[in-house]
Amino acid sequence: MKKEAMLWKPLADDKVQCNLCSHQCTIAVGKRGICRVRENQGGKLYTLIYNSISSIHVDPIEKKPLFHFYPGSMVLSLGTVGCNFRCKHCQNYSIAFADVGEISIQEITPEKSIELAKQYGCQGIAWTYNEPTIWFEYTYDSAKLAKKAGLYTVYVTNGFMSMSALNKIAPYLDAANVDVKAFNPEHYKRINGAKLDPVLKTCESMKKKKIHLEITYLVIPGHNDSPEEIKRFAEWVVDVGADTPIHFSRFYPCYQMIDVPPTPVETLEEAHRIAKESGIEYVYIGNVFGHKYESTFCPKCSELLIERYGYSVINRLGADNKCPKCGFKPNVIISST
Ligand code: SF4
């Protein structure tokens, strides 16, 4: 559904500039931005995907992944079409690189999405599967309603949003999982069609704004897996906040990178070791079912605090959500219901 866009300004000759993400597209009449879902019609910018849902599921929050945010809760998860990145390994390319009208969508208003979340016993709502920033008008309206309805709100994002977009949604956004796709700008340019710096700034700003932040780093063999790069990433995380949970995720061949093998588990374990030695308190290994490092351990005494096996969760925290052995209080937001 078409709706006038937020966060843009008119330019000469009926062109417009979109200020939603760090691409800052200048768009002529009849043209679309890089995400292909925002179009200049007669000198005004419109979103073409308001209310447009390509995917809707009730997921465990662990699937986002968020491990320190209402563990064990269910979240209504929604996606649309389009993306402002062009990742050569995109797992969701069938929706992310689809054009508007190319795949079947259903219309679900923000009000209806809140109703559905409640109806299906979800504690929150997440915009995920493709990039939520490019769906800003819909996610912003929905997030405002969700907060009124007592639901938590989540972005699963590439972090390329503008500071204006982040500032606007921040009062209504409780948590985010941000993909840091590599710790070198050249990789972002070559593999993702984007830039690293704005992503890092988004993470730093989310942390300052007290939006619960977890970061996923997909470890791709031969592309972003050198110990030096992992070390630089880990040192940056410690500067942002050593209590930020990090997910080193296993790569599987996909889309235009089917010639790259899956990440060896030893590489992920080495990344885990480097991150822990750098001082990051909570480091996880993702996409390796049943691995020990799916679970949360106390950063002070190494006691098992939250046990995970796939998406099943056993909370072993003691009274007041503290470590039952040493009394340390981990950075975990626990459901009150
Ligand atoms: S959201 Fe980003 S990619 Fe899409 S039109 Fe706006 S600036 Fe361009």
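Which residue in strand 3 does Pro 10 stand opposite? In this predicted model, the residue that faces Pro 10 is Val 16 of strand 3, and the sections below place that pair in its sheet before turning to the domains, the core and some single elements.

## A small open sheet

Strand 2 and strand 3, the latter covering residues 16-18, run antiparallel to one another and are joined over three bridges. They belong to an open sheet of three strands, in which the order is 2-3-4 and the pairing is antiparallel. Strand 2 (8-10) and strand 4 (26-27) are the edge strands of this sheet, each of them pairing on one side only.

## A hairpin

Strand 5, residues 38-41, and strand 6, residues 44-47, also pair in the antiparallel sense, here over four bridges. One of the facing pairs consists of Glu 39 and, in strand 6, Tyr 46. The two strands make a hairpin with two residues between them, and Gly 42, which lies in the turn, has a positive phi of about 65°.

## Two domains and their contact

The domain assignment divides the protein chain into domain 1 (3-47) and domain 2 (52-321). Taken over C-alpha atoms, the centres of domain 1 and domain 2 are separated by 27 Å. Where the domains touch, 14 residues of domain 1 are in contact with 17 residues of domain 2. On the domain 1 side of this contact, eight of the residues are nonpolar, four are polar and two are charged.

## The nonpolar cores

The largest nonpolar core has 90 residues, and Val 154, Ala 176 and Ile 246 are the residues with the most contacts inside it. Strand 14 (residues 212-219) supplies the largest share of this core, namely five residues. Both domain 1 (3-47) and domain 2 (52-321) take part in this core, with at least three residues drawn from each.

What surrounds Ile 246, once its neighbours within four places in sequence are left aside? Ile 246 is then in contact with Ile 215, Tyr 217, Val 237, Ala 275, Ile 280, Tyr 282, Val 283 and Tyr 284. Apart from the largest core lies another core, of five residues, which includes Phe 297, Leu 305, Ile 306 and Cys 323.

## Strand 13

Ala 176, already named among the residues with the most contacts in the largest core, lies in strand 13, where it is buried on one side together with Val 178. On the other side of strand 13, Ala 175, Asn 177 and Asp 179 are buried too, so that both faces are covered. For strand 13 as a whole (residues 175-179), five of its five residues are buried.

Strand 12 (residues 152-157) pairs with strand 13 in the parallel sense, over four bridges. Within this pairing, Thr 157 has Val 178 of strand 13 as its bridge partner.

## Helix 2

In helix 2, which spans residues 110-119, the buried residues are Pro 110, Ser 113, Ile 114 and Ala 117. These four lie on the same side of helix 2, because the arc they cover around the axis is only 100°. The face turned away from this buried side carries the exposed residues Glu 111 and Gln 119.

Against what do the buried residues of helix 2 pack? Their partners are strand 9 (74-79), strand 11 (124-127) and helix 3 (136-148). After helix 2 comes Gly 121, whose phi is positive and near 70°.

Technical notes:
Residues numbered from 1 in each chain as written. Predicted model: local features only at pLDDT ≥ 70, side-chain atom pairs only at ≥ 80, totals over all residues. Core = buried A, V, L, I, M, F, W, Y, C linked by C-beta atoms within 7 Å. Buried ≥ 20, exposed ≤ 12 C-beta atoms within 10 Å, placed from the backbone. Domains from an automatic or database assignment. Contact = placed C-beta atoms within 7 Å. Pairing = 2+ DSSP bridges. Arc of directions from axis to C-beta. Nonpolar A, V, L, I, M, F, W, Y, C, P; charged D, E, K, R; others polar.
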